[in-house]
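Hi everyone, thanks for coming. Please open the structure on your screens, and we'll walk through a few parts of it together.

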Amino acid sequence: MPTTTAGRCDRGVTGLTAEEREVLYALGCGLGNAEIAATLVLPEQVVAERLGRVLEKLGLRDRAAAIVHAFDCGLVVPGQGPRRPEPGNSAARRTGTASGPWLSVSVLGPLRTTLAGRPVDVGPVRQQAVLAALALSPRRSVSRRRLLEDVWGREMPDGNVVPVYVYRLRKILRLGERPDSVIRRDRYGYGLVQGIAEVDALCVDDLVTRAEEAERTGDLPGAVRLCAQALELFRGEPLAGLPGPFAEAERVRLTQRRVGLAQRKADWQLRLGRRLEAITALSALALEEPLNEPVAAMLMHALRRDGRRAEALAVFDRIARRLGDDLGVAPGDLLVRARRAALLGEDAGPGRGRAGAA
């Protein structure tokens, strides 16, 4: 089998983006472009583009040379099956061929942690909050002082409680029998080892990026599908039950993120003419967010465009009452314009892209 130099192998691993390494890994597993597209949930055109970038960056002639390179760099081991190029590489997970333990941290609901696919109890709630703070701070270190402020707020304890909690987490989340730790320490503080954990909130970010890419290329059905996958990762109130200012702020941010994603998905559905799906989703969202004026206005416009003006006006009446009863305020301009459009039967609605920021 042809070989490459050590330097070239290093460039083959570190010179590629995570997405390009996924494609190289899947290619080394023997998958064709269509199979890679299905595995990574990507359009074949995107797979072909990424493969082209892999060949260009590595200076390889064709896909056969790329397969050889995948073996030479150890992404795929002859006679032993493939192995993942980095801990947590999604291509390895999707093909089900990754070896070794795998850490997953889910924050889009009550904190849930699994190691090698098995649930793990990571201790009391403040210890869980420490892990959540590290998981939601990718690619940067969090100082001991910051963790104290984020998790304990004004109730900061005396003593070295943070190092104690980190020690316990390292012990609980140890990678098999090896001494490796999933939590690193440097001069700036603590952080999860890069690439060691899958965090559902970060997976949402990746899916949204891919959805936006699909929208830019005119693939609205693909954008809707990817957005739906992101929304499916939410399991309830983010970080439910965890104490501290950080968890409280992240609960608000991630909840707003979910609402914005639902609005964006509905906007794309409306642009595709899938009004019933959009109205169903927006109606459920309006019940969950009874004081959210942009959601109510979007639902009103969708109902009006579907010829359901009376229902659109009923939505206005319902939220107007709630705003008055709960907050003592009148409906804002957005709702007033939506009501006027419903009364006059106007076709003007919220501009595209004005759905909640995702």
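At what angle do helix α8 and helix α9 pack, and how far apart are their axes? Before I answer, please keep in mind that this is a predicted model. A quick reminder on the terms: two packed helices are described by the angle between their axes and the distance between the axes. Here, α8 (residues 144–152) and α9 (residues 161–172) pack at about 90°, with their axes 9 Å apart. That angle falls between 65 and 115 degrees, so α8 is roughly perpendicular to α9.

Which residues meet there? From α8 we have Arg144, Leu147, Leu148 and Trp152, and from α9 they are met by Val161, Val162, Pro163 and Tyr165. Sorted by type, the residues of this contact are 7 nonpolar, 1 charged and no polar.

Now let's turn to the sheet. It is an open one of 4 strands, in the order β5-β4-β3-β8, and the pairing is mixed. At the edges stand β5 (118–119) and β8 (197–199), each with a single partner strand, so one side of each has no neighbour in the sheet. As a reminder, strands of a sheet pair through backbone hydrogen bonds, either parallel or antiparallel. Strand β3 (residues 103–106) and β8 run parallel, joined by 3 bridges. To find one of these pairings, look for Val105, whose bridge partner in β8 is Val199. Lying across β3 and β8 is helix α10 (residues 200–216), which runs at about 70° to β8.

Let's zoom in on one residue of this sheet, Thr113, which lies in strand β4 (residues 112–115). Is Thr113 buried or exposed? Its relative accessibility is 3%, and the cut-off for buried is under 20%, so Thr113 counts as buried. Leaving aside residues up to four places away in sequence, Thr113 touches Leu103, Ser104 and Val105, among others. Its contacts also include Arg118, Pro119, Leu131 and Leu173.

Leu131 takes us to helix α7 (residues 125–135), where Leu131 is one of the buried residues. How many of the 11 residues of α7 are buried? The count is 9, so α7 is largely enclosed by the rest of the structure. Among them are Gln127, Gln128, Val130 and Leu134.

One last stop: the hairpin formed by β6 and β7, with 2 residues between them. Strand β6 (residues 183–186) pairs with β7 (residues 189–192) in the antiparallel sense, over 4 bridges. If you pick Ile183, you'll find its bridge partner in β7 is Leu192.

Thanks for listening, everyone!

Conventions
Residues numbered from 1 in each chain as written. Predicted model: local features only at pLDDT ≥ 70, side-chain atom pairs only at ≥ 80, totals over all residues. Heavy atoms only, no water. Buried < 20%, exposed > 50% of the residue type's maximum accessible area, 1.4 Å probe, protein only. Pairing = 2+ DSSP bridges. Contact = heavy atoms within 4.5 Å. Axes fitted to C-alpha atoms, helices over the stretch in contact; angles between N-to-C directions. Parallel < 35°, antiparallel > 145°, perpendicular 65-115°, else oblique. Nonpolar A, V, L, I, M, F, W, Y, C, P; charged D, E, K, R; others polar.
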